[in-house]
Amino acid sequence: MGNLGILLVALVSLVALNQGLVHAHFYFDTVFTLGSQNSTIWDNGDNLALLLDKVSCSAIQTNKEFLFGSIEMQIKLVPGNSAGTVIAYYMPSTGSKHDEIDFEFLRNLSGQPYIIHTNIFTQGVGNREQQFYPWFNPTSDFHNYTIYWNPSQIVWFADGLPIRDFRNYERFGIPLASKQSMRGYSSLWNADDWATRGGLIKIDWKNAPFIARYHQLSLRTCTWTGPPDSISQRAQTTPAANWWASPLYGKLNDVQKVQLNWVRENFMIYDYCKDTKRFNGQFQPECKR
Ligand SMILES: *[C@@H]1O[C@H](CO)[C@@H](O)[C@H](O)[C@H]1NC(C)=O
Ligand SMILES: *[C@@H]1O[C@H](CO)[C@@H](O)[C@H](O)[C@H]1NC(C)=O
Ligand SMILES: *[C@@H]1O[C@H](CO)[C@@H](O)[C@H](O)[C@H]1NC(C)=O
């Protein structure tokens, strides 16, 4: 009986931890935090449109907080001339020493490609930007933007190809983003004070409303419901139950490494690790690896 009891408890906690919601719904799993008056969700929550006009920007967040897992969205970026607007797709924790994993889509001038911007904050410290051009037209169709997050690495994927791999750099004294739960957010907003050519280009409101479309939100995450101080404890005490902590997700495989290099060699436009001017020759410690 005792053994059975232990087995049952083990099974139940395994199921509880593994119940990453896979196919999520914008209706049930997210809420509008801004702009609900003119953004919409349709098709049983499979589709979402965020809208920006002179009156309002718009944003959603996931209802649930999570620690580790993957978040996936198919996004069709704003077509036409939308310089000055930004679509952010990010996962922040709360508090002053917050962790945050960012995808942002910056519009350059019309006729110029969109810029895929990535960044990461651990314990409140960011300044780790990398930027890429997409190798596809991100406004003509939906494309898959996915973030993997586990204690060994954080990987940004575009259409299944890893574009960035931020590994566990604790040996360099860099704190891991592994102790604070996050929510997923996305927003479409006016950032014409910085987004396009450093703020030179302002939004042309003649083209409003600007619309970003989203499809197939997928959350394979470990939902967090408890107090923040026991989060890391739970992740550490039940590592076997966490699929994202398995060696398969601990590092890129050989094919993915080739893909990452292909993206970096052909589409990377900015790397904080190569910006000697900005950091006075002093790079973040992980850049020396
Ligand atoms: C967005 O909402 C505001 C406030 O309700 C409204 O004035 C505006 O016309 C709406 N825009 C669109 C494009 O529906
Ligand atoms: C943005 O567009 C301007 C003007 O065409 C161009 O000079 C600049 O290189 C572009 N920036 C990026 C990052 O593509
Ligand atoms: C989106 O990309 C992720 C990461 O590569 C992958 O796991 C997922 O299956 C892709 N989703 C679709 C619908 O292709």
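Student: In this predicted model, what makes the approach of Y133 to ligand 2 a polar contact?

Tutor: A polar side-chain atom of Y133 sits 2.4 Å from an oxygen atom of ligand 2. The cut-off for a pair of N or O atoms is 3.5 Å, and 2.4 Å is within it, so the pair counts as a polar contact.

Student: Which side-chain atoms of N108 and Q112 come up against ligand 2, and at what distance?

Tutor: For N108, a polar side-chain atom is 2.5 Å from an oxygen atom of ligand 2. For Q112, an N or O atom of the side chain is 2.8 Å from a ligand 2 oxygen. Taken alone, ligand 2 has 360 Å² of accessible area, and the protein covers 58% of that.

Student: Which residues are around ligand 2, and how do they divide by type?

Tutor: You'll find N108, L109, Q112, I115, Y133 and R197 there. They split into three nonpolar, two polar and one charged. Tyr counts as nonpolar in this scheme, so Y133 goes in the nonpolar group.

Student: OK, over to ligand 1. How do you know that D53 makes a polar contact with ligand 1?

Tutor: Same kind of check. A polar side-chain atom of D53 is 2.6 Å from a nitrogen atom of ligand 1. That is within 3.5 Å, so the pair qualifies. N38 has a side-chain N or O atom 2.4 Å from an oxygen of ligand 1. The protein buries 48% of the 370 Å² that ligand 1 exposes when taken alone.

Student: What else surrounds ligand 1?

Tutor: Besides N38 and D53, there are Q37 and V55. By type, the shell has one nonpolar, two polar and one charged residue.

Student: Now the sheet. Why are β1 and β15 said to stand at the edges?

Tutor: Eight strands make an open sheet with antiparallel pairing, in the order β1-β4-β13-β6-β7-β8-β9-β15. β1 (30–34) and β15 (268–271) each have a single partner strand, so one side of each has no neighbour in the sheet. From one strand to the next, the twist averages 20 degrees.

Student: How do you know that β8 and β9 pair?

Tutor: Pairing takes at least two bridges, and three join β8 (residues 115–121) to β9 (residues 130–132), so they pair. The two strands run antiparallel, and I116 stands opposite F132 in β9.

Student: And where does helix α5 lie?

Tutor: Helix α5 (residues 254–267) lies across β9 and β15, and runs at about 90 degrees to β15.

Conventions: Residues are numbered from 1 along each chain as its sequence is written. Chains are lettered from A and ligands numbered from 1 in the order in which they are written. This is a predicted model: local features need pLDDT of at least 70, side-chain atom pairs count only at pLDDT 80 or more; totals for chains, interfaces and linings use all residues. Side-chain values use heavy atoms; hydrogens and water are left out. Helices (H or I, at least four residues) and strands (E, at least two) are DSSP runs, numbered from the N terminus. Axes are lines fitted to C-alpha atoms, for helices over the stretch in contact, and angles run from 0 to 180 degrees between N-to-C directions. Contact means heavy atoms within 4.5 Å. A residue is near a molecule or strand if one of its heavy atoms lies within 4 Å of it. A polar contact is a pair of N or O atoms within 3.5 Å; within protein, one must be able to donate a hydrogen and the other to accept it, and residues adjacent in sequence count only if both atoms are side-chain atoms. Accessible areas come from the Shrake-Rupley method with a 1.4 Å probe; for residues, only the protein chains shown count as cover.
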